[in-house]
Amino acid sequence: RLLYRASVGATEEENQDLPKKGKAQGRKRASAPDGVVKPVKLSRADLYKPPTNEELNQLKETENLFHSSLLRLQIEELLKEVTLKEKKKQKIDAFLHEINALLSAVPETPETDLADQSWLPKDVKVPFLQVPFSVKGKFRFLPPAAVTVVGSYLLGTCIKPEINVDVALTMPRAILQDKDNLNQRYHRKRALYLAHIAQHLSKEKLFGSVRFTYMNSNHLKPILLLQPQGKDEKLVTVRLYACPAPGFFKPSRLYPSKNNVRTAWFLEQGSPGEGAAEPPTPHYNNSILCDTGLESNLLFLAGASAGFPGMRDGVALLKVWLHQRELDKGLGCLNGFVASMLVAYLVAKHKISQGMSGYQVLRSILQFLATTDLSAAGISLSKDADSSLPTLADFHQAFEVVLVDPSGLVNLCADMTASKYKQVQFEAKRSMEVLDDSTVDGFQLLLMTPKPLIRTFDHVFHLKHVSKLQGACKKMQLLNELMDRGGNYVAAALPFVTSLLARGLAERVLLLTHSLPQAPQWPISAEPPKHKDAGHLSFGLLLTPAFAASILERGPEADRPEAAEFRKFWGEKSELRRFQDGAICEAVVWGAETMCQKRLIPEQIVQHLLWLHAAIPESSIRYTGAVLESVIRAGREPAGTGEEAMVSIVRSYDDLSRKLWNLEGLPLTVTAVQGTHPALRYTDVFPPTPMKPDYSYHVRIKDKESLLPLPEKPCPAYIAPMKVVCHMEGSGQWPQDKEAIKRVKAAFHLCLAELLSQQHQLLCRPAATHADVYKDGYIFRLQVAYHREPHILKEVVTPEGMLKYRDTEESQLHLGHLQQHPAFSGTSRLAKRWVRAQLLSDSLSDECVDLLAASLFLHPAPFTPPSSPQVGFLRFLHLLMAFDWKNSPLIVNLNADLKVADYTEIRNAFVAARPHLPVMFIATPRDKRSSVWTKERPSAQILQRLLVLALESLRALEEQLADPLGSQDGKMVFRPPLDFYDILIHLNAKQIPRHLEGVDRPAKSFSRGMLKSDALVTTLIFPVVGYDPVQCYLQELREAFGDLALFFYDSHGGEVIGVLWKPSSFEPQPFKASNMKGRMMASLSREELVTVPNVEAILEDFEILGEGLVRSVEARTEKWTI
């Protein structure tokens, strides 16, 4: 089965060697191999020579296949990076010759019983789980009859960084006996054979390490790994496989329908029960047959790839593709060998022709995988129509996925589960879509972006202890499967568990998949790992947003025969219900009140089914679907995560806008009403809650009909005014002068307030710039807009009396169409909560974060649009960290208004004007050139800081979510590192109105002078709006000391303000009377007077300015010098 593993070149380290984005890739290549074009001086005649046929072909291919010549260059560069250099090949060949010489010198041993292993020295353990131990048969060691190199090394499809060379050792006939196909005898001989060789080779100085591992994590097939000594240790791993003498096993004994493991032997019962039929053991038979076809498969592949460099490149690209998706390692993976066989199949079927390039081969194979379901209709590479061979139907009965090798005997995908193949198929479909989309960089997305389970799937759950699957095998009565798999209960139970969950989750999920059990490597002196050492198993669910959160599972009608089946499947959860159409049906109802509980219905289903059918308790399942959502939950009681609150705000706002449209008595009618507050587009982290002021906490100002907070009481709760813009119709009466427009608008605000209180009895308070309306416990801030006003504001009269236009910010952001993605709101809110928790509240605008989140939904490739806030947030961090902000604009195609030509135009304009554009550039259909939302902020330093924080947070979070036994505290990445700041200003919690929004719930909270919205008081006086002492304090600090320091704060109830000195402010400056704010004299020399910041006085000012609000000022003097 050597070939099998051989061609699996790549491993975890692959990413370290793949050219990373951003690293310089122009490393000097030592010796230019033949065929690399060196620059040549051309004569004039040569320069204008017509192109040759080959050049024409290349040009035509580039035009038709690649969206740009860049893709072609990227692929060529990648192939150079992953293929083996000549110099390395020579070293590897020399190492192989030395191994060959050593193998023929391993001494023979006398014949003993197979179960008597006393002849093996104590320091070598047999790399095989011998359960049950006793078995018939004799064993002796003889040197291998032949040593052959097989696998990808000879084909040239082996790729860096992990180079594996597979060597098959043919065991001489004399070792094997007639009935070795029974009861694991052959497998045990193989293990003893390798153990004896390992013991001898481990004494040699040539090897840096001699270890065992399981081939493709299959416990029946140990192999021996050799690595060279010294600095070349990482150069190559030579893998030794033992295989039987050719023609020794009769294939007909090993067909999928035959039995070769006897029940009585496996259960250690004395005599077999009379006349009991033995179950077939297809996987066991397949594992023996694999070893017989190593060389013939190599010859088959060599025939397919002879004189076909495109196939070599195509297989290498396919391996990188599989590796980035974690599909190429472990039990039941789609490894490089199977991939090569698939390509060879397409060559044989003339779907791939000899002239194709590597990229075309990759496209063809992805197209094939996307459209072929091997779990429903398998394929065979066998040419002979020999009627005695097993048919495809025989294979389908025994295995979930079928791909038969050229001999017609071996299923190359025997260990793969149907759900794993479905994942391969799904990935191939997505990849074809990406390759056909000319607006994205397909190369970067398909071959350079890793897709770890935790960032790819909406919900992930881990089975903490795989040993629980032993009980599952009992409960599901899988004795035959256990015998077939040599006692490996993980492999036996996995297909049944996945199909059980797939049936239960049905249309809630697009895709359900599992991680592949990995076998470790171990030293030859150690016992082989048990089945439970495979670590934990993870399962990933891709949810269908339309159905994932539905609380009802409707079954068949009660009198139908299927009803009993439905009841059996769902257990006591199933109950009879009468539906609106009059039908009485079986149904399952899942309890979930709020949106965030509904998102977790799949968790209830998984736990229920695994306990009911597989005896896996809830405590063994770690479900990560909503670990982070606690940070966007306000309030003590287990309320939802704010979705319901925002729906009621929007309802109130819709009602208000209807009233505005129908107001009678306005001089001009309202033409449009637009809400610009984030809560009105469902992306406010903590949406405002309806409030009523408690009079006992305020003083009434008699003549003004207003309230004033009492100084001795805690600061009242923060009431956020929600800005609503009213567009008035145009009229020739509007003035054309800026000041006059302001006055007319103020008159409108007075008029609106008066009419709303007269016609709708709403409490209003007008001001020159806005009118506040108190409705349903919320405050809406109305602002009148006149459509020509921006135009007039742009007019600036220069000193020479010329009219000039300057740009002003465009307002509103429209994200209405994103409501079809239920997870958008949660993703954007988690992202904002994280940015603010890092004390960067004022460094990114609300709209900027909304656009970043929107891009994850509108341009999700190579992923699918997120269907849970958690995975959306992980991808947000990844986007921040991995996007090339310096050289690329982030294009967010809202409403799909941008066409291909617009993309090109935006990119070209960006490159041309890069030095004058903001560091973070986001283009939308309405704003292609100026990136309005990121113009002022973030600055380059803040963006850099954000990227560092995102990188660290993502690493920590993914480690935490992927480790089922670690802590489940999602708040870790929301606690900011404070050692970065020069000064910390600690605040008094009593005066922080949003104290309860902190990441870690404060132990004691204050009553904030507000009544519940359902309290029986009528509010006659306007509450205090938008009052947050901390924000006022920050504003004063920035005005007074903005030129000396930067101030950072978490606006959601942070108890600390971080201060950073600006390095420039500490440079001595010449004395000027006008420039003495916050500075003091420092005499450097007699001649000139210079000033430096007076740090002690400034710190004292911090306290004086914030009296009553500031608890203490902590200066960290070791960070800066006074």
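Me: Buried means under 20% relative accessible area, exposed means over 50%, and partly exposed lies in between. With those limits in mind, why is Cys 715 called buried?

Reply: This is a predicted model, and in it Cys 715 has a relative accessible area of 2%. The limit for buried is under 20%, so Cys 715, at 2%, is called buried. Cys 726, at 0% relative accessibility, falls under the limit too, and therefore also counts as buried.

Me: How do you know that Cys 715 is in no disulfide?

Reply: The search of the whole structure finds zero disulfides. For Cys 715, the nearest cysteine sulfur belongs to Cys 1032 and lies 9.0 Å away. A disulfide needs two cysteine sulfur atoms within 2.5 Å, so at 9.0 Å Cys 715 is not paired with Cys 1032.

Me: What makes Asn 216 buried, and Asp 776 partly exposed?

Reply: Asn 216 has a relative accessibility of 4%, which is set against the limit of under 20% and therefore makes it buried. Asp 776 has a relative accessible area of 49%, and because this value lies between 20% and 50%, Asp 776 is called partly exposed.

Me: What is said about phi in Asn 216 and Asp 776?

Reply: Most residues other than glycine have a negative phi. Asn 216, although not a glycine, has a positive phi of about 50°, and it sits in the loop between β5 (207-214) and β6 (222-228). Asp 776 has a phi near 55°, again a positive value in a residue other than glycine, and its place is in the loop between β24 (771-775) and β25 (778-785).

Me: Which peptide bonds are described as cis, and where are their prolines?

Reply: Most peptide bonds are trans. The bond from Val 131 to Pro 132 is cis, with omega near -15°, and Pro 132 is in the loop between β1 (112-113) and β2 (138-139). The bond from Ala 861 to Pro 862 is also cis, with omega near 5°, and Pro 862 is found in the loop between α29 (846-858) and α30.

Me: Why is Glu 997 counted as buried, and which residues is Glu 997 in contact with?

Reply: Glu 997 lies in the loop between β30 (983-987) and β31 (1010-1011). Its relative accessibility is 16%, which is under 20%, so Glu 997 counts as buried. Leaving aside neighbours within four places in sequence, Glu 997 is in contact with Phe 686, Arg 833 and His 1052. Glu 997 and Phe 686 are 311 residues apart in sequence, while their C-alpha atoms are 7.8 Å apart in space.

Me: What makes Met 728 buried, and how far apart are the C-alpha atoms of Met 728 and Ala 785?

Reply: Met 728 is found in strand β22 (residues 721-728). Its relative accessible area is 3%, which is under the limit of 20%, so Met 728 is buried. The C-alpha atoms of Met 728 and Ala 785, which are 57 residues apart along the chain, are separated by 6.3 Å. Beyond its neighbours within four places in sequence, the contacts of Met 728 include Leu 666, Trp 734, Phe 748 and Ala 785.

Me: How many cavities does the search find, and which residues are closest to the centre of the largest?

Reply: The whole structure has 13 cavities of 30 Å³ or more, and the largest has a volume of about 120 Å³. It is lined by 15 residues, of which Asn 218, Leu 220, His 283, Asp 415 and Arg 485 are the closest to its centre. Helix α10 (residues 282-292) gives the largest share of this lining, three residues. By class, the lining holds four nonpolar, seven polar and four charged residues.

Me: Where in the chain is the pLDDT below 50, and how should such places be read?

Reply: The mean pLDDT of the chain is 84, and 89% of its residues reach 70 or more. Among its elements, helix α1 (residues 2-6) has the lowest mean, 34, and helix α30 (residues 869-882) the highest, 95. Over residues 1-39 the pLDDT is below 50, and this stretch has 105 contacts in the model beyond near neighbours in sequence. Residues 805-810 also stay under 50. Where pLDDT is low, the predicted coordinates should not be read in detail.

Conventions
Residues numbered from 1 in each chain as written. Predicted model: local features only at pLDDT ≥ 70, side-chain atom pairs only at ≥ 80, totals over all residues. Heavy atoms only, no water. Buried < 20%, exposed > 50% of the residue type's maximum accessible area, 1.4 Å probe, protein only. 1 Å grid on protein atoms, 1.4 Å probe; cavity = no way out; pocket = protein on both sides within 12 Å on 5 of 7 lines; lining within 4 Å. Points joined across faces, edges and corners; volume = space filled by probe spheres on them. Helix = DSSP H or I, 4+ residues; strand = E, 2+ residues; numbered from the N terminus. Nonpolar A, V, L, I, M, F, W, Y, C, P; charged D, E, K, R; others polar. pLDDT = per-residue confidence, 0-100. Contact = heavy atoms within 4.5 Å.
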